[in-house]
Amino acid sequence: MTAQPKLTELASDIVGLTKAPDLSRRNFFMTASAAAAAGYTLAAGPVRADAIKTPTDGLKAGDAKVKVADGEMPVYYARPANATNPPVILVAMEIFGLHEYIKDVTRRVAKLGALAIAPDYYFRKGDLTKVTEMPQLMPLVNSKPDAELFSDLDATVAWAKQQGGNTGRLGIMGFCRGGRTVWEYVAQNPGLKAGVAFYGTVVDPPAQAEIWPKSPMQRAAEMKAPVLGLYGEADQGIPGAQVEAMKAALTAAGKTAEFKIYPGAPHGFHADYRPSYRKEAAEAAWNEMISWFKKYQVL
């Protein structure tokens with residue numbers, strides 16, 4: 001039997017997912033078969049029956065393929081149906097693949113007036129939405145090199161431009177591991193106007209150093225656009241001290257960033273399909289994101 005890694009060896013975003021949910025309210029959750037049929041991942045645990053559903057009215061939305069260095073990457077996109085040259089916002093997913101929650105968020109972003117695109121940059125490992133156990137999922141997502149990730153995101157931006165998106169007004173937002181992606185890509189791409197990281201880890205496990213050369217904290221001085229960090233006070237994987245250290249590093253480097261800490265909110269507080277969802281914090285954070293993108297001329 002393969003030994004499972006200790007919590008201290010896991011990425012902070014994974015640690016934040018390890019607490020067992022409260023299942024005392026049985027009618028609060030979908031059955032596993034219903035959740036799967038609705039397009040939600042099962043690896044994250046039980047799926048809330050009242051998960052938010054955003055309609056496609058007024059939007060053009062669907063699946064597409066983006067040419068990348070070694071093939072074609074699936075993406076989900078949504079945009080205002082009649083918009084010309086809309087701003088472009090990348091939606092960086094959690095570790096669970098391109099499932100219904102990420103697609104719904106993409107539609108929500110499109111309703112703000114953007115061409116929103118969620119790239120499935122784990123596609124080389126198969127369809128992660130079908131992986132139901134965290135121990136099987138973790139090695140797949142942790143094997144994704146940053147260099148490949150950046151190349152995939154660059155290809156997504158190029159595709160957005162081909163589709164008539166205004167990449168001169170380019171933003172990125174993401175959740176959990178996708179929050180880390182926000183920090184990393186803002187340090188990488190000078191074409192970004194702004195980024196918004198929902199509970200993205202800023203410190204990497206040492207074991208990842210070969211394929212993740214620098215953590216967001218180590219790249220603080222390289223940030224090329226303003227970033228808004230949205231974190232939960234009760235996040236078990238990303239302690240407040242870590243967020244404060246990132247804030248200090250960015251300040252020392254003269255970079256523009258703001259942080260919002262939501263009292264009592266756990267990791268995944270925006271994920272309305274999971275028990276970690278906190279409606280008040282999620283709505284407040286979403287509004288902060290909108291204001292941030294407006295302030296820095298993405299929206």
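**Close-up views of a predicted model**

At a relative accessibility of 2%, Tyr199 counts as buried. The views below are all taken from a predicted model.

**View 1. Tyr199, in the loop between β6 and β7.** The loop that holds Tyr199 runs between β6 (192-198) and β7 (227-232). The phi angle of Tyr199 is near 40°, a positive value in a residue other than glycine. Most residues other than glycine have a negative phi. Tyr199 is counted as buried because its relative accessibility is 2%, and the cut-off for a buried residue is under 20%.

**View 2. Cys176, in the loop between β5 and α6.** Cys176 is placed between β5 (166-175) and α6 (177-188). Its phi is near 60°, a positive value in a residue that is not glycine. With a relative accessibility of 1%, Cys176 counts as buried.

**View 3. Strand β7 and its two faces.** Six of the six residues of β7 are buried, so the strand is largely enclosed by the rest of the structure. In a regular strand the side chains alternate between the two faces of the sheet. From β7, Val227, Gly229 and Tyr231 point one way, whereas Leu228, Leu230 and Gly232 point the other way.

**View 4. The parallel partners of β7, strands β6 and β8.** Strands β6 and β7 pair in the parallel sense over four bridges. Within this pairing, Gly195 has Val227 of β7 as its bridge partner. Strand β8 (residues 257-262) also pairs with β7 in the parallel sense, over six bridges. Here Gly229 stands opposite Phe259 in β8.

**View 5. The β-α-β unit of β7, α7 and β8.** Helix α7 (residues 240-252) joins with β7 and β8 to make this unit, which is right-handed. The two strands of the unit, β7 and β8, are paired in the parallel sense.

**View 6. The largest cavity and its lining.** The structure holds one cavity of 30 Å³ or more. The volume of the largest cavity is about 60 Å³. Its lining is made of Tyr121, Tyr122, Val141, Lys144, Asp146, Leu149, Arg177, Arg180, Thr181 and Trp212. By character, these residues divide into five nonpolar, one polar and four charged. Helices α5 (146-162) and α6 each supply at least two residues of the lining. The most is given by α6, with three residues.

Notes:
Residues numbered from 1 in each chain as written. Predicted model: local features only at pLDDT ≥ 70, side-chain atom pairs only at ≥ 80, totals over all residues. Heavy atoms only, no water. Buried < 20%, exposed > 50% of the residue type's maximum accessible area, 1.4 Å probe, protein only. Pairing = 2+ DSSP bridges. Right-handed = clockwise from strand over helix to strand, strands pointing away. 1 Å grid on protein atoms, 1.4 Å probe; cavity = no way out; pocket = protein on both sides within 12 Å on 5 of 7 lines; lining within 4 Å. Points joined across faces, edges and corners; volume = space filled by probe spheres on them. Nonpolar A, V, L, I, M, F, W, Y, C, P; charged D, E, K, R; others polar.
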